[in-house]
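What follows is a walk through one structure, from a single buried side chain outward to the contact between chains. Please keep the sequence and the coordinates in view while reading.

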Number of protein chains: 2
Amino acid sequence: MGFTKKHIFDAQQNQIANFTKMIGHPARVSIIQYISQNKDCNCNSLVKAIGLAQPTISQHLAEIRKTGLLNQSVKGKNLFYSINQDKLNESRRLINDFFVKTQVNCSKE
Amino acid sequence: MGFTKKHIFDAQQNQIANFTKMIGHPARVSIIQYISQNKDCNCNSLVKAIGLAQPTISQHLAEIRKTGLLNQSVKGKNLFYSINQDKLNESRRLINDFFVKTQVNCSKE
DNA sequence: AATAAATAACGTAATATTGCAATATCACAA
DNA sequence: TTGTGATATTGCAATATTACGTTATTTATT
């Protein structure tokens, strides 16, 4: 059909899927890396660095923003992005936990 | 358009995106968890446990299989799935590395 | 006020994904 | 060989995603 039956899964499963889905596009991986490496990174610098059109970058930024991973600060006519480190940590723990638990379960018996 | 311009990103960015995209659906999170928790898990038990139709589960299994995360073993007329732990570890390192590097970069200066 | 720069929002075409019914395949049992 | 159970494949409808041209919006500069 095209839509996902989210209601048959629990909150944590949906949380894990939501976050990894957001990372699941190389443009967004690249954007996150670039923002973490460059202070005072705005939309325009991402457009130049990555090579996708401005509306496309803006759209990917919106996807990342939806998960809470981005901070924004307005300086003059620029909008600078940075990584919300609390959210980064929280997400890292969520994903790592998924890996660890999976691994531990595999190793039982 | 619908397709992804993979060629403008590097191998690692595509690798990270590929793997997280596979996890980016709650059914696949649930399937991975279930397989890790239940020895001798076959397609049918997943259909019963998760509540999606057999073709849908089969399709999700194929997506997971594509990343190399699944082992299969035939016993009689059953096909049992288990987690490829080497691949799990490799992927965990890949994703964790992404998180760590992002975090380290954020903390510079 | 007029212009320019930066970015978001809107609209749309192309493609991908999700979910399932129907069907095919494959291995075993009767 | 006929049937049965387990899984994969096919085909399709509904929805989502990706990418971008165009247009609005907002803020600074002249």
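Two residues are in contact when they have heavy atoms within 4.5 Å of each other. The model is a predicted one, in which local features need pLDDT of at least 70, side-chain atom pairs count only at pLDDT 80 or more, and totals for chains, interfaces and linings use all residues. Residues are numbered from 1 along each chain as its sequence is written, chains are lettered from A and ligands numbered from 1 in the order in which they are written, and side-chain values use heavy atoms, with hydrogens and water left out.

A starting point is A:Leu46, found in helix 3 of chain A; helices (H or I, at least four residues) and strands (E, at least two) are DSSP runs, numbered from the N terminus. With a relative accessible area of 0%, A:Leu46 is buried, where buried means under 20% relative accessible area, exposed over 50%, and partly exposed in between (1.4 Å probe, protein chains only). Not counting residues up to four places away in sequence, A:Leu46 touches A:Ile31, A:Tyr34, A:Ile35, A:Cys41, A:Gly51, A:Ile57 and A:Leu61.

Among these neighbours, A:Ile31 and A:Ile35 are buried residues of helix 2 of chain A. That helix is mostly covered, with 10 of its 12 residues buried. From first C-alpha to last, helix 2 of chain A reaches 16 Å, close to the 16 Å expected at 1.5 Å a residue; the expected span is 1.5 Å times one less than the number of residues.

Two further neighbours, A:Ile57 and A:Leu61, belong to the buried residues of helix 4 of chain A, together with A:His60 and A:Ile64. These residues cover an arc of only 105° around the axis, so they sit on the same side of helix 4 of chain A, the arc being that of the directions from the helix axis to the C-beta atoms. On the other side of this helix, A:Pro55, A:Gln59 and A:Lys66 are exposed. The buried residues of helix 4 of chain A pack against helix 1 (11–23), helix 2 (26–37), helix 3 (43–50), strand 2 (70–75) and strand 3 (78–83) of chain A. Just after helix 4 of chain A, A:Gly68 takes a positive phi of about 85°.

Next come the charged pairs. A salt bridge is a side-chain nitrogen of Lys or Arg within 4 Å of a carboxyl oxygen of Asp or Glu, and the structure holds 7 of them over all chains. One of them joins A:Lys75 to A:Asp40, with the closest N and O atoms 3.7 Å apart. Because A:Lys75 lies in strand 2 and A:Asp40 in the loop between helix 2 and strand 1 (41–42) of chain A, the pair ties together parts that are 35 residues apart in sequence. In chain B, B:Lys66 and B:Glu63 meet in a salt bridge (3.6 Å, N to O); being 3 residues apart in helix 4 of chain B, they are separated by about one helical turn.

How are the two chains related? Chain B can be laid on chain A with an RMSD of 0.1 Å by a turn of 180° and a shift of 0.0 Å along the axis, superposed by least squares on the C-alpha atoms of residues with pLDDT of at least 70 in both. That is the relation of a two-fold axis. The contact takes 43 residues from chain B and 43 residues from chain A. Since 100% of the interface residues of chain B are also interface residues in chain A, the copies meet through the same surface. About 3900 Å² is buried between them, 67% of it from carbon and sulfur atoms; buried area is the accessible area (1.4 Å probe) that two parts lose on being put together, summed over both. Across this interface the rule finds 0 salt bridges.
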